[in-house]
Amino acid sequence: MRRLMKRVAAAVLMAACLLSLSACSAKQDEAGTAPRIATDGTPVDDMMAEYAKLTAVQSLGVSTDGLIAQKVMSEAQGNAVMAAICEEQINARKELGEVRSIDIEDASVVQMADGTYTVMLPVAFTEGSMQYVMNLNMISQQIVDAEFTELASNEEEGKTIGQLMETATVYAVIGIGTVFAVLIFISLLIACFKFIHKWETGQKEKAAPAPAPVAPAPVKAAAPVPAAGEDLMGDAELVAVISAAIAAYEGTSSNGLVVRSIRRVQRSKGR
């Protein structure tokens, strides 16, 4: 049970790390695509706004070769702002193709707090659509900055609550499914550890040298048992013991006793 809890805890920690990494990458992507030019000014619709729209349209109407020549001239004159604006348009055309149409009717103009005007102009290229955002200083009649941003879509505004809930459900299922898939993969990976340990143990046992055989302990040979009828006179201790026993039985000294022969008597099995 304790081992199972450790595995579950490890899986949860791994899932949390993956989610945090994905969240960090998403924040970095959002930060990288944030627009440079602010568009939260006061909407205007006057002669100055029309002039700003025409200026943006004229800037987009320059051909690619003209933009390259204008960029080179601006760099030679030290006008880094105009060179960067030309570079922005050149890169957009390399990625999306040439300008196909400019929707000036849906263009909007806002006046910023510093007195400049910002134009937001939808532009259709041969391979996609973008929004051209240009900030102009009407006093000096110069372009302050310009960039292409993602074109705002109104599709979400026309959806019903049910359609929005359906979209949210799909995203939620995909996210939860991804998390569970990762957890299952981690659980299977942890479960394989015991098989890896068994395999390593088997390899170590195969590589270990075989133990040396233990030599058997030497067995002492049993003393030979005298056969029946064998003369035991050669055993001096036995002769002395028997002589002392006879002398004690007779009540005399063993000095006068002479043992001529000592033989083992074979007893019968019946007794």
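A residue is called buried here when its relative accessible area is under 20%. In this predicted model, both F125 and F148 meet that description and are buried. Counting ring pairs gives a total of two aromatic pairs. In one of them, F125 and F148 sit edge-to-face, with 5.7 Å centre to centre and 65 degrees between the planes. This pair links distant parts of the chain, as F125 belongs to strand β4 (residues 117–125) and F148 to strand β6 (residues 142–149), 23 residues apart.

A further pair brings in a tyrosine. Y132 and F148 form a tilted arrangement, 4.9 Å centre to centre with 45 degrees between the planes. Because Y132 lies in strand β5 (residues 128–137) and F148 in strand β6, the pair ties together parts that are 16 residues apart in sequence. Y132 and F148 are both buried. Through these ring pairs, F125, Y132 and F148 are linked into a cluster.

The surroundings of F148 help to place the cluster. Leaving aside residues up to four places away in sequence, F148 touches L60, E88, Q89, A92, F125, M130, Q131 and Y132.

The three clustered rings also appear in the largest nonpolar core, which has 27 residues; V109, F125, Y132, M134 and F148 are those with the most contacts inside it. Two or more residues of this core come from each of α2 (47–60), α4 (80–96), β4, β5 and β6. Helix α4 provides the largest share, six residues. Another core, of five residues, lies apart from this one and includes I37, M112, M120 and V133.

Methods:
Residues are numbered from 1 along each chain as its sequence is written. This is a predicted model: local features need pLDDT of at least 70, side-chain atom pairs count only at pLDDT 80 or more; totals for chains, interfaces and linings use all residues. Side-chain values use heavy atoms; hydrogens and water are left out. Rings of Phe, Tyr and Trp (its six-membered ring) pair if their centres lie within 6.5 Å; planes under 30 degrees apart count as stacked, over 60 as edge-to-face and the rest as tilted. Helices (H or I, at least four residues) and strands (E, at least two) are DSSP runs, numbered from the N terminus. Buried means under 20% relative accessible area, exposed over 50%, partly exposed in between (1.4 Å probe, protein chains only). A nonpolar core is a set of buried Ala, Val, Leu, Ile, Met, Phe, Trp, Tyr and Cys residues joined through side-chain atoms within 4.5 Å. Contact means heavy atoms within 4.5 Å.
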